Structures are given as structure tokens and as C-alpha cells.
Amino acid sequence: MSEAIKEYTVEDLKNQIKPLSQNAFLRFFQRILRWWLGIWYGFCDKKPKFSALVYKVFFFVVFSMGVTIWQFIVMTFLPYAFESLNTGAVGWPMVPIAAAGGKNFIIFGDEQGWGYFIAFEIAVFTAQCINFPLQRNITYRSHGNPWYQAMWYFIGWVLVSIATNAIWGVCNAFLLHWGSPDVVNGLLKTVLTGGVSMVIFFFVFLVIFPDNNKMAKSARARYERLVAANAPAEKVAAAERKMRDWERKAALSNAEKEYAQAKSQASNKSVRYFAVPDSEQERKQAAFADAVNAIEIKDQKEKIYNDAVGQCG
């Protein structure tokens with residue numbers, strides 16, 4: 001370790017640190033983020049499985065809530081762009097609800113006209129266009145076929161639309177009968193859509209964004225069972241190809257996560273070194289050793305990640 005430490009200089013540690021913004025406001029939050037990442041990745045090292053669950057749940061909820069807010073903004077203003085289409089009840093199945101003063105139950109359409117229906121569908125569709133890449137690339141770090149996943153996501157969006165429109169068809173009739181303001185109606189519809197979307201897409205994500213490590217383990221177990229059972233060569237070969245494919249995906253996902261963590265830790269340890277006063281030589285040397293160790297780990301993880309990318313490419 002001592003020889004490795006001597007190969008590094010203070011300049012090497014400086015190169016690990018991304019410069020802070022010149023803007024004082026942004027600089028303040030960058031420092032908080034660096035502090036938090038240091039704590040978070042330390043927690044990830046101690047509790048890998050639990051931290052992975054917390055990570056997924058956090059980003060799943062945050063992104064879901066974020067697109068829900070987007071839907072509310074769109075639903076608040078976009079109907080005015082289609083105001084000429086709001087000429088009265090249109091759509092299907094147009095079933096009058098006596099308790100709602102004869103207002104209609106409508107799934108495809110709206111009691112107030114096509115303008116509200118079109119605005120709602122645009123709001124939901126654009127929200128999912130934002131949600132899909134965020135969930136795929138950040139929450140689940142998926143490396144599966146994007147077109148296959150997008151197809152299933154679209155099916156999920158259709159299910160969400162049918163479910164929410166059916167529920168809203170009843171709610172809207174009563175709200176209009178009671179004279180509820182459009183802004184309140186839009187808020188309620190957004191909350192309803194967001195809640196149903198989170199439930200449905202949670203299960204959709206389990207299908208289109210599977211855990212690569214679990215899938216690799218399952219694929220290997222199936223391959224070994226076929227080999228042990230002396231299955232036909234074609235089945236064994238197909239199972240082996242599938243196993244290798246999942247193992248490459250798992251290796252890439254793991255390498256990507258570990259490399260990101262190592263980069264953050266190298267930066268964090270380097271920042272800590274410069275925070276130690278020069279007068280405290282013992283602490284300064286220990287901080288330097290920690291930073292160098294973190295840099296070495298980062299370089300190792302970078303190589304593993306690049307190899308994994310090459311194998312998947």
C-alpha cells in the first residue's frame with residue numbers, strides 16, 4: 001500500500017474533485033450533495049440489499065409524483081386550447097347517472113366535450129414519455145431491449161387510461177352535478193390518475209425491468225437442470241445462450257452501479273483530505289491514504305465497467 005500511495009500526488013486528488021459552481025446558491029447545494037453521497041454510499045457498502053430497495057422505492061415515488069405534478073399543470077391550462085371542442089357530453093358509453101342529476105358515465109370522452117378528454121390524454125401521455133426513460137435509466141438501471149420495454153409500457157399506459165377513465169367517468173358526473181370548479185376537478189383527476197398509475201406501473205415494471213441478478217441466477221439454474229436431465233442439445237444450447245445474456249446484463253448493471261459509487265467515494269475522500277488543516281499532519285496523512293485507496297478502487301471499477309460494456313456491446 002505504501003508504494004501505491006507514493007505514486008500519487010496532491011494534484012491527483014484535485015483531479016478527482018469536480019469544480020464547484022461559481023454561483024453561491026448552486027455551490028451550497030453541491031456541497032450538501034457531496035456530503036450526502038458520502039453517507040449514502042457508505043450505507044450502501046454496509047447494507048447492499050436494503051439500500052438497493054430504498055434506492056428503487058425512492059426514485060420510483062419521486063418520478064411518479066413528479067410526472068403527476070406535470071399532469072396537473074397540463075390539465076389546468078391545456079383545456080383552454082381546445083375550448084372550441086367543449087360543446088357538451090360526448091363519447092362512450094354515455095350512461096346517465098340518476099343520482100348525479102342525469103350526468104353521463106363516460107369512459108372514452110367527457111361530459112363537457114372532446115376538449116377536456118383530449119387535454120387529459122395528452123397530459124397522461126406526455127407524463128409517461130417523461131416517466132419511462134427516468135424509471136428505465138435511473139430507477140431500474142435497465143439494459144434490456146428499449147423497444148420491447150416501450151411496447152409493454154405503452155400497454156401499461158392503455159390500462160391506466162381505461163382504469164382511470166372508468167373511475168373518473170363516475171366521479172366527474174357527480175362533481176359536475178355538484179358544481180365543483182374546474183381547477184379542483186383537474187386536481188382530483190390528477191391525484192386519481194397518479195395513484196392508479198403508480199399501482200399499475202409498479203407491476204408493469206416488474207415485467208419490463210426485471211432484476212438482472214435474479215434473472216441471471218434463474219437462467220443458470222434452468223440451464224443446470226437441463227444439463228443434469230440430459231435434455232436435447234438444442235434446448236441446452238438455447239438455455240445457455242439465455243443464461244450468458246442475462247449474466248452479461250447483470251455484470252453490466254453491477255459494474256455501472258459500483259463504478260458510479262466508486263467515483264463518488266474517490267471525490268468525497270479527496271474533498272475530505274483538503275478539509276483537514278495542514279497543521280494536523282497525522283490526520284492529513286491518513287486522509288491522503290484514504291483518498292488514494294478510493295482512487296485505486298475507482299480505477300479498478302472503471303476497468304471492470306469498461307470490460308462489461310465491451311462484452312455487452
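**View 1. The second largest cavity of the predicted model encloses about 60 Å³ of space.** In this predicted model, the second largest cavity is lined by Ser-64, Val-67, Thr-68, Gln-71, Gln-128, Asn-131, Gly-194, Ser-197, Met-198 and Phe-201. Helices α4 (48–77), α5 and α7 each contribute at least two residues to the lining of this second largest cavity. Sorted by class, the lining of the second largest cavity holds three nonpolar and seven polar residues, with no charged residue.

**View 2. Helix α5 (residues 114–139) and helix α7 (residues 182–208) cross at roughly 40 degrees, their axes coming within 12 Å.** Because of that angle, α5 is classed as oblique to α7, and the crossing in which α5 passes α7 is right-handed. On the α5 side the contact is made by Tyr-116, Phe-120, Val-124, Gln-128, Asn-131 and Gln-135, which meet Asp-182, Lys-189, Thr-193, Ser-197, Phe-201 and Phe-205 of α7. Taken by class, the contact of α5 with α7 comprises five nonpolar, five polar and two charged residues. Gln-128 and Asn-131 of α5, together with Ser-197 and Phe-201 of α7, take part in this contact and are also among the residues that line the second largest cavity.

**View 3. The largest cavity holds about 80 Å³ of space.** The model has two cavities of 30 Å³ or more. The largest cavity is lined by Asn-104, Ile-106, Ile-107, Gly-109, Asp-110, Glu-111, Asn-165, Trp-168, Gly-169, Asn-172 and Lys-189. Two or more residues of the lining of the largest cavity come from each of β4 (108–110) and α6 (146–178), and α6 provides the largest share, four residues. By class, three nonpolar, five polar and three charged residues make up the lining of the largest cavity. Lys-189, listed in this lining, is also one of the α7 residues in the contact with α5.

**View 4. The largest pocket has a volume of about 1,500 Å³.** Among the 44 residues that line the largest pocket, Pro-48, Ser-51, Ala-52, Leu-53 and Lys-257 are the closest to its centre. At least two residues of the lining of the largest pocket are supplied by each of α3 (24–46), α4, α7, α8 (212–228), α9 (233–275) and α10 (281–312), and the largest share, 12 residues, belongs to α4. The lining of the largest pocket divides by class into 23 nonpolar, 10 polar and 11 charged residues. Helices α4 and α7, both named for the lining of the largest pocket, also contribute to the lining of the second largest cavity.

**View 5. The second largest pocket has a volume of about 510 Å³.** Of the 15 residues in the lining of the second largest pocket, those closest to its centre are Lys-18, Leu-33, Arg-34, Leu-37 and Ser-264. The elements that give two or more residues to the lining of the second largest pocket are α3 and α9, with α9 giving the most, six residues. Seven nonpolar, five polar and three charged residues form the lining of the second largest pocket. Both α3 and α9 also supply at least two residues each to the lining of the largest pocket.

Methods. Residues numbered from 1 in each chain as written. Predicted model: local features only at pLDDT ≥ 70, side-chain atom pairs only at ≥ 80, totals over all residues. Heavy atoms only, no water. Axes fitted to C-alpha atoms, helices over the stretch in contact; angles between N-to-C directions. Parallel < 35°, antiparallel > 145°, perpendicular 65-115°, else oblique. Left-handed = near helix turned anticlockwise from the far one by under 90°. Contact = heavy atoms within 4.5 Å. Nonpolar A, V, L, I, M, F, W, Y, C, P; charged D, E, K, R; others polar. 1 Å grid on protein atoms, 1.4 Å probe; cavity = no way out; pocket = protein on both sides within 12 Å on 5 of 7 lines; lining within 4 Å. Points joined across faces, edges and corners; volume = space filled by probe spheres on them.
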